Amino acid sequence: MKILVVGGAGYIGSHMVKRLLQGGAEVVTLDNLSGGYRDAVCGGTFIYGDIADSSLLSRIFSTHAFAAVMHFASYIQVGESVQEPAKYYQNNVSNTLNLLDMMVAFEVKRFIFSSTAAIFGEPQYTPIDEQHPKNPINPYGRSKWMVEQALGDYDRAYGLKSTCLRYFNAAGADPDGEMGERHDPETHLIPLVLQAASGRREQIRVFGRDYDTPDGTCIRDYIHVTDLAEAHWLALAHLLAGGDSCAFNLGNGNGFSVQEVIDAARQVTGKPIPCADEQRRAGDPARLVADSRRIREQLGWQPRYADLDKIIADAWRWETR
Ligand code: UFG
């Protein structure tokens with residue numbers, strides 16, 4: 001079974017490559033290294049390149065017979081997507097369609113797509129299930145929702161089967177310490193908190209203490225990146241068994257506030273972690289928690305590392321490697 005992993009040198013993609021290799025799959029990684037690292041790819045074949053390059057894609061698809069494609073190569077910064085929407089629509093939508101069209105041309109009919117909780121916008125209720133209205137409030141979320149909608153049309157017209165996995169807050173690192181989060185610039189809470197713990201950063205800025213939550217800071221649903229990779233593995237098995245297109249929300253169903261994350265990180269690291277209070281960050285909903293019953297029931301997904309301390313401990317091992 002040969003799988004094309006687009007964006008396999010990035011944070012989540014590199015954990016996926018490891019999971020696929022452990023499962024006995026043959027892996028071809030395609031990555032332009034704009035946000036990933038060559039040394040994060042722990043095996044298989046690596047191809048440097050971009051999904052905007054149709055002739056490269058054509059060469060890859062004519063050389064390899066893929067059972068499925070997994071697509072992790074997106075821009076992910078909400079704030080940047082507001083400043084530079086063209087960058088997001090070009091890569092996350094247009095280049096993704098280029099990839100899908102190549103799949104259709106070469107009759108590769110299974111696709112696993114990294115979607116996001118950002119497609120829901122400001123939640124109307126929590127926990128958020130798959131039926132929750134889709135009302136993205138920034139170009140990043142819109143770019144992902146556009147692709148989800150296109151995938152429905154590609155299934156109806158071309159029989160391309162897809163699974164959309166809507167991540168809540170991916171966090172943690174490979175429990176064996178082989179790979180972890182390396183965004184540049186880093187914008188995510190847990191790695192920033194741990195950089196403040198290790199001294200790489202002076203302090204962690206808390207964006208708003210006046211939200212309608214018990215301690216006033218925003219609540220998020222953190223999911224271990226290895227549990228995310230496992231969900232992709234199950235989604236792949238589902239499609240390979242002839243399963244229908246579907247979408248799943250992926251989180252643990254437990255919300256932790258920014259302050260709770262900082263407190264847990266102080267416990268795990270034994271470091272003081274200085275904080276500074278800041279204004280709210282634009283576009284942050286107060287509470288984002290997933291209802292992931294569908295993937296548990298339909299694919300049998302069971303998170304192994306749902307404990308926040310474990311998520312932080314693995315990320316800390318990576319930070320202090
Ligand atoms: N936060 C801080 N200080 C920081 C960084 C973050 O207080 O230095 C807060 C944020 O305001 C937010 C929480 O920590 O309340 C989590 O922020 P992250 O940036 O880690 O994650 P987000 O919830 O903003 O974003 C994640 C994904 C996005 C996705 C979004 C879905 O990273 O790609 O969930 O809404 F779009």
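Q: Which residue in β12 is the bridge partner of R220?
A: F256 is the partner. Strands here are DSSP runs of E, at least two residues long, and helices are runs of H or I, at least four, numbered from the N terminus. This is a predicted model: local features need pLDDT of at least 70, side-chain atom pairs count only at pLDDT 80 or more, and totals for chains, interfaces and linings use all residues. Numbering starts from 1 along each chain as its sequence is written.

Q: What makes β9 and β12 a pair?
A: Two strands pair if DSSP finds at least two bridges between them. Two bridges join β9 (residues 219-220) to β12. The criterion is therefore met. The two strands run antiparallel.

Q: Why is one side of β12 and of β14 left without a neighbour in the sheet?
A: The open sheet has three strands, in the order β12-β9-β14, with mixed pairing. β12 (256-257) and β14 (287-288) stand at its edges, and each has a single partner strand, so one side of each stays free of a neighbour in the sheet.

Q: What makes the contacts between domain 1 and domain 2 count as contacts?
A: Two residues are in contact if their C-beta atoms, placed from the backbone, lie within 7 Å. By that rule, 17 residues of domain 1 are in contact with twelve of domain 2. On the domain 1 side, β7 (169-171), α7 (225-240) and β11 (246-250) each give two or more residues. The domain bounds come from an automatic or database domain assignment. It gives domain 1 as 2-171 + 223-250, and domain 2 as 189-220 + 253-290 + 305-319. Their C-alpha centres lie 27 Å apart.

Q: How do you know that the ligand lies between the domains?
A: Both domains give residues to the shell around the ligand, so the ligand lies between them. A residue is near a molecule if its C-beta atom, placed from the backbone, lies within 6 Å of it. The shell has 21 residues, and the closest are A118, H188, L189, F207 and C218. β8 gives the most, with four residues.

Q: What makes a set of residues a nonpolar core?
A: The members are buried Ala, Val, Leu, Ile, Met, Phe, Trp, Tyr and Cys residues, joined through C-beta atoms within 7 Å. Buried means 20 or more other C-beta atoms within 10 Å of the residue's own, with C-beta atoms placed from the backbone. The largest such core has 92 residues, and V6, V193 and L250 touch the most other members. α7 gives the most to this core, with eight residues. Both domains contribute, so this core lies between them.

Notes
A residue is buried if 20 or more other C-beta atoms lie within 10 Å of its own, exposed if 12 or fewer, and partly exposed in between; C-beta atoms are placed from the backbone.
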